[in-house]
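Reader: Could you walk me through this one, a few questions at a time? I'd like to follow it with the model open beside me.

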Amino acid sequence: MDLALLPPRTLHTARLQLRQWRAQDLPAFAALNADPEVMRHFPALLSRAESDAIALRCQALIAERGWGGFWAVEERGSGAFVGMIGLHAPAHLPFSPCVEVGWRLARAHWGKGYATEGAAAALRFAFEVLGLEEVVSFTSVHNTRSEAVMQRLGMRRDAATFLHPALPAGHRLAEHCLYRIQAPAVA
């Protein structure tokens with residue numbers, strides 16, 4: 001998969017800005033990653049160091065490729081940090097190479113449609129700027145909230161599930177579902 005290298009991009013929606021990470025995002029991101037409800041469908045809560053490492057890895061990918069790490073998300077009106085949304089090219093999955101769209105938002109921002117709004121902007125970028133033919137998304141089969149976002153985005157679930165290779169086969173979160181969306185046909 002040949003993935004484009006671009007200058008760092010910021011995406012705007014009606015209510016959100018998906019942008020490069022800033023140092024002031026790190027405490028709010030660490031709080032999000034330490035929230036048991038936010039992290040219910042992840043293997044563990046993250047320490048401050050683990051959380052910072054993810055944000056810095058995303059920041060480096062955005063600096064390197066212009067995208068490719070989840071963007072930091074803020075509310076346009078208030079400037080409040082919401083979480084992260086974006087595109088990533090995960091390796092070592094049964095369906096790799098691929099580009100995924102994903103999100104993780106602070107609980108205070110759930111139920112506002114932000115995940116769908118931000119992910120839709122990331123998908124437009126994937127299809128219109130990167131020229132991708134397909135984008136995937138995946139989650140634990142228990143994560144019905146994320147599945148609902150995938151469905152609202154127009155993604156379609158594969159019939160078969162898969163075991164996430166980063167988790168032991170017997171782990172309660174190992175079984176994942178996979179959703180796909182194709183680039184819109186050009187008229």
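Reader: How many residues lie between strand 1 and strand 2 in their hairpin?
Author: Keep in mind that this is a predicted model. Strand 1 covers residues 11-12, and it pairs with strand 2 in the antiparallel sense over two bridges. Strand 2 takes in residues 16-19. The two form a hairpin, and the number of residues between them is three.

Reader: Which residue of strand 2 stands opposite His12?
Author: Leu16 and Leu18 point one way from strand 2, while Gln17 and Arg19 point the other way. All four are buried. The one standing opposite His12 is Gln17.

Reader: And on the strand 3 side, what stands opposite Arg19?
Author: Strand 3 spans residues 71-75 and runs antiparallel to strand 2, with four bridges joining them. Across from Arg19, in strand 3, you'll find Ala72.

Reader: Over to the helices: at what angle do helix 1 and helix 2 pack?
Author: Two packed helices are described by the angle between their axes and the distance between the axes, so we want both numbers. Helix 1 is residues 26-33 and helix 2 is residues 48-65, and their axes are 9 Å apart. Their crossing is right-handed. As for the angle, it's about 120 degrees.

Reader: How many nonpolar residues are in the contact of helix 1 with helix 2?
Author: Helix 1 brings Leu26, Pro27, Phe29, Ala30 and Asn33, which meet Arg48, Ser51, Asp52, Ile54 and Ala55 of helix 2. Sort them and you get two polar, two charged, and the nonpolar ones number six.

Reader: What span should helix 2 have, going by its 18 residues?
Author: Count 1.5 Å a residue, using one less than the number of residues. The end C-alpha atoms of helix 2 are 26 Å apart, which agrees with the expected span, because that also comes to 26 Å.

Reader: What covers the buried residues of helix 2?
Author: Start with who's buried: Ser51, Asp52, Ile54, Ala55, Cys58, Leu61, Ile62 and Arg65. The cover over the buried residues includes helix 1, strand 3, strand 4 (81-88) and strand 5 (100-105).

Reader: Which residue follows helix 2?
Author: Look at the backbone there for a positive phi, near 90 degrees. The residue with that phi, right after helix 2, is Gly66.

Reader: Last one: what is the C-alpha separation of Gln151 and Arg180?
Author: Gln151 is found in helix 4, residues 144-152. With a relative accessible area of 46%, Gln151 falls between the 20% and 50% cut-offs, so it counts as partly exposed. Gln151 and Arg180 are 29 residues apart along the chain, and their C-alpha atoms are separated by 9.9 Å.

Methods
Residues numbered from 1 in each chain as written. Predicted model: local features only at pLDDT ≥ 70, side-chain atom pairs only at ≥ 80, totals over all residues. Heavy atoms only, no water. Buried < 20%, exposed > 50% of the residue type's maximum accessible area, 1.4 Å probe, protein only. Pairing = 2+ DSSP bridges. Axes fitted to C-alpha atoms, helices over the stretch in contact; angles between N-to-C directions. Left-handed = near helix turned anticlockwise from the far one by under 90°. Contact = heavy atoms within 4.5 Å. Nonpolar A, V, L, I, M, F, W, Y, C, P; charged D, E, K, R; others polar.
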